[in-house]
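Let's take a walk through a protein model together. Keep the 3D view open while you read, and look up each residue as it comes along.

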Amino acid sequence: MEEVPHDCPGVDSAQAGRGASCQGCPNQRLCASGAGATPDPAIEEIKEKMKTVKHKILVLSGKGGVGKSTFSAHLAHGLAEDENTQVALLDIDICGPSIPKIMGLEGEQVHQSGSGWSPVYVDENLGVMSVGFLLSSPDDAVIWRGPKKNGMIKQFLRDVDWGEVDYLIVDTPPGTSDEHLSVVQYLTAARIDGAVLITTPQEVSLQDVRKEINFCRKVKLPIIGVVENMSGFICPNCKKESQIFPPTTGGAAAMCQDLKLPLLGRVPLDPHIGGAVTKASPFWLKPQTHRPPSPTEA
Amino acid sequence: MEEVPHDCPGVDSAQAGRGASCQGCPNQRLCASGAGATPDPAIEEIKEKMKTVKHKILVLSGKGGVGKSTFSAHLAHGLAEDENTQVALLDIDICGPSIPKIMGLEGEQVHQSGSGWSPVYVDENLGVMSVGFLLSSPDDAVIWRGPKKNGMIKQFLRDVDWGEVDYLIVDTPPGTSDEHLSVVQYLTAARIDGAVLITTPQEVSLQDVRKEINFCRKVKLPIIGVVENMSGFICPNCKKESQIFPPTTGGAAAMCQDLKLPLLGRVPLDPHIGIQEFCNLHQSKEENLINS
């Protein structure tokens, strides 16, 4: 019996059928012929679906725990302040979906209709989708390998009935892997306006964010700019500012200058943001420390 | 020409050959026959390799940015304080490998010998391995899907010449996905002592950590305990303590009590821990935590 290769590079890979591990696989000739490179029909379907979505913004970071979901939620709320602006917030972090908690939507369920899955609405003009809404309990682990996560992301983009939307904000997990490649791939034909990158000031975070910037450049994803989060903490007692995540290499400002990218703003470490996150009420940041980026500023 | 399914569940999957997307795939009959379920020969090879490794500890968290890598580095340094204890630190975060920077080993390269890849040594008794050592530049992005990451992890476990090791500490990325499934799968025959879970006090972090605990239970990975990181910040000026990540649902203590897990300790938010020169600090608060 022929052995199926354990190191299958993936049928979509450039190495499909050509890799060392492909030797002996019954699929080899088919993969090598390029059949796996046939574009996924879902890409066109998603392009059609996205015709009613004016702007698409990805919120990325190479690093975990820097505040991508918190920022995405704030951005969505900020844009939706204008009741004439339709906002959609899509959470593609399949393993650690934080958006339902941050938005105060825990326990909500997704409903299906003839036109697809309905997002969960926070307000009339702010709809949300996350794998968190599909779990029986918020503690349920989603233990999926890449292909299954990719399938979920495809469904989110193709099968959710977003309706007429001005801004689709996509919150992502940390990294430069399946979720990131898939969302860019599936939205290829639909055109993403750009990405906002979130970082914290310290070098171990900036290092991962530079990788994410590299990713954006490789997949030709425009970068709207960078937001530095957790920039300093002001003691509520004596008002002294402490740098809890010290910007030993100049923080995001130095990185942005180096890489010629806009620094969109700096957000301080404020327990009220963390508390607001838990209470799911947006914490409005002063204009001088933060402003929501507009795609027209890209 | 037959179309290759884009939603291939993966040849190792329980759904291999049986999923809806398998219809029409030329591989279908082979997958459905269970050929893909033949155990990976690497598992036995890794079991052999791991015979010289006494204890294997995974450092996990469902949440990103809680201090897994910082803790792993502290733990490795702490255990290696005793020069008779051989320690190995393996970084399986392929996309965001922080260990080289935290350990002060940026720019180091991995060497190959007849017996495999050599770890990078911080001290005689502390060796480190990370994909970070294989990059031309620390800013290079590793943009790999799951199967390729799994292949790298397999190589790390099978091809690195760790030698005689008392403790192998494995630092992981956040999540419950390829890397986590693979490291558990590849070490199946070699037996992992257990996992230490890192969290911060706030509920949005605990929620992800509970998922990780669920993962551990599903794959039958023993849990050594939980460490709560970034527990409070003491102002260096007035000494007032602030809860920057407020434990609105009782923090790790409440979660541990609820799930009957040991709370191994709580580490404050201290800018000195975050400083690059950390690697020169050889004192570790966590030295006393691991008794196994």
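Does A:Cys216 count as buried or exposed? With a relative accessibility of 0%, A:Cys216 counts as buried, because the cut-off for buried is anything under 20%. Bear in mind that this is a predicted model, and that the values here are computed from it.

**Two chains**

Let's start with the overall make-up. Chain A has nine helices and twelve strands. Chain B also comes to nine helices and twelve strands. In chain A, 57% of the 298 residues are buried. For chain B, the buried share is 57% of 292 residues.

How do the contacts spread along the sequence? Take the contacts in chain A with a separation of 6 or more: 75% of them link residues that are 24 or more positions apart. In chain B, residues 24 or more positions apart make up 76% of the contacts with a separation of 6 or more.

**Cysteines and the missing disulfides**

Back to cysteines. A disulfide is a covalent bond between the sulfur atoms of two cysteines. How many disulfides turn up over all chains? A search of the whole structure gives zero.

Two cysteines of chain A help to show this. For A:Cys216, the closest cysteine sulfur belongs to A:Cys256 and sits 12 Å away, so the two are too far apart for a bond. A:Cys235 has its closest cysteine sulfur in the other chain: B:Cys238, at 3.6 Å. That is still too far, because a disulfide needs the sulfurs within 2.5 Å. A:Cys235 is buried too, with a relative accessible area of 1%.

**Helix α7 of chain A**

Now find helix α7 of chain A, residues 203–218. How far apart should its ends be? At 1.5 Å a residue, its 16 residues should span 22 Å, and the end C-alpha atoms are indeed 22 Å apart, so the two values agree. Most of α7(A) is covered, with 13 of its 16 residues buried. Just after the helix, A:Lys220 takes a positive phi of about 60 degrees.

α7(A) also has a partner, helix α8 of chain A (residues 251–259): the two axes come within 11 Å and cross at roughly 30 degrees. Angles under 35 degrees count as roughly parallel, so α7(A) is roughly parallel to α8(A). Their crossing is right-handed. On the α7(A) side, the residues that meet α8(A) are A:Leu206, A:Val209, A:Arg210, A:Ile213 and A:Arg217. They meet A:Gly251, A:Ala252, A:Met255 and A:Leu259 of α8(A). A general point helps when you look at lists like these: an α-helix has 3.6 residues a turn, so residues three or four places apart point the same way.

**More helix pairs**

Here are the helix pairs side by side.

| Helix pair | Distance between axes | Angle |
|---|---|---|
| α7(A) and α8(A) | within 11 Å | roughly 30 degrees |
| α2(A) and α5(A) | 8 Å | about 40 degrees |
| α5(B) and α6(B) | within 9 Å | roughly 35 degrees |

In chain A, helix α2 (residues 41–49) packs against helix α5 (residues 146–159) at an angle of about 40 degrees. That angle makes α2(A) oblique to α5(A). The contact involves A:Ala42, A:Glu45, A:Ile46 and A:Lys49 from α2(A), along with A:Lys154, A:Leu157, A:Arg158 and A:Asp159 from α5(A).

Over in chain B, α5(B) and α6(B) make a right-handed crossing. Among the α5(B) residues that take part are B:Ile153 and B:Leu157, while the α6(B) side includes B:Ser182 and B:Tyr186. α6(B) is mostly covered, as eight of its nine residues are buried. Those buried residues include B:His180, B:Leu181 and B:Val184.

**Two buried spots to find**

A:Ser242 lies in strand β11 of chain A. At 6% relative accessibility, A:Ser242 counts as buried. Which residues does A:Ser242 touch, not counting those up to four places away in sequence? They are A:Gly232 and A:Phe233 plus, from chain B, B:Phe233 and B:Pro236.

B:Pro119 is in the loop between β4 and β5 of chain B. With 7% relative accessibility, B:Pro119 counts as buried. Beyond its neighbours within four places in sequence, B:Pro119 is in contact with B:Gly127, B:Val128, B:Met129, B:Val160, B:Asp161 and B:Trp162. For a last look, find B:Phe156: B:Pro119 is 37 residues from it in sequence, and their C-alpha atoms are 9.7 Å apart.

How values were computed: Residues are numbered from 1 along each chain as its sequence is written. Chains are lettered from A and ligands numbered from 1 in the order in which they are written. This is a predicted model: local features need pLDDT of at least 70, side-chain atom pairs count only at pLDDT 80 or more; totals for chains, interfaces and linings use all residues. Side-chain values use heavy atoms; hydrogens and water are left out. Helices (H or I, at least four residues) and strands (E, at least two) are DSSP runs, numbered from the N terminus. The expected span of a helix is 1.5 Å times one less than its number of residues. Buried means under 20% relative accessible area, exposed over 50%, partly exposed in between (1.4 Å probe, protein chains only). Axes are lines fitted to C-alpha atoms, for helices over the stretch in contact, and angles run from 0 to 180 degrees between N-to-C directions. Angles under 35 degrees count as roughly parallel, over 145 as roughly antiparallel, 65 to 115 as roughly perpendicular and the rest as oblique. A crossing is left-handed if the near helix is turned anticlockwise from the far one by less than a right angle, and right-handed if clockwise. Contact means heavy atoms within 4.5 Å.
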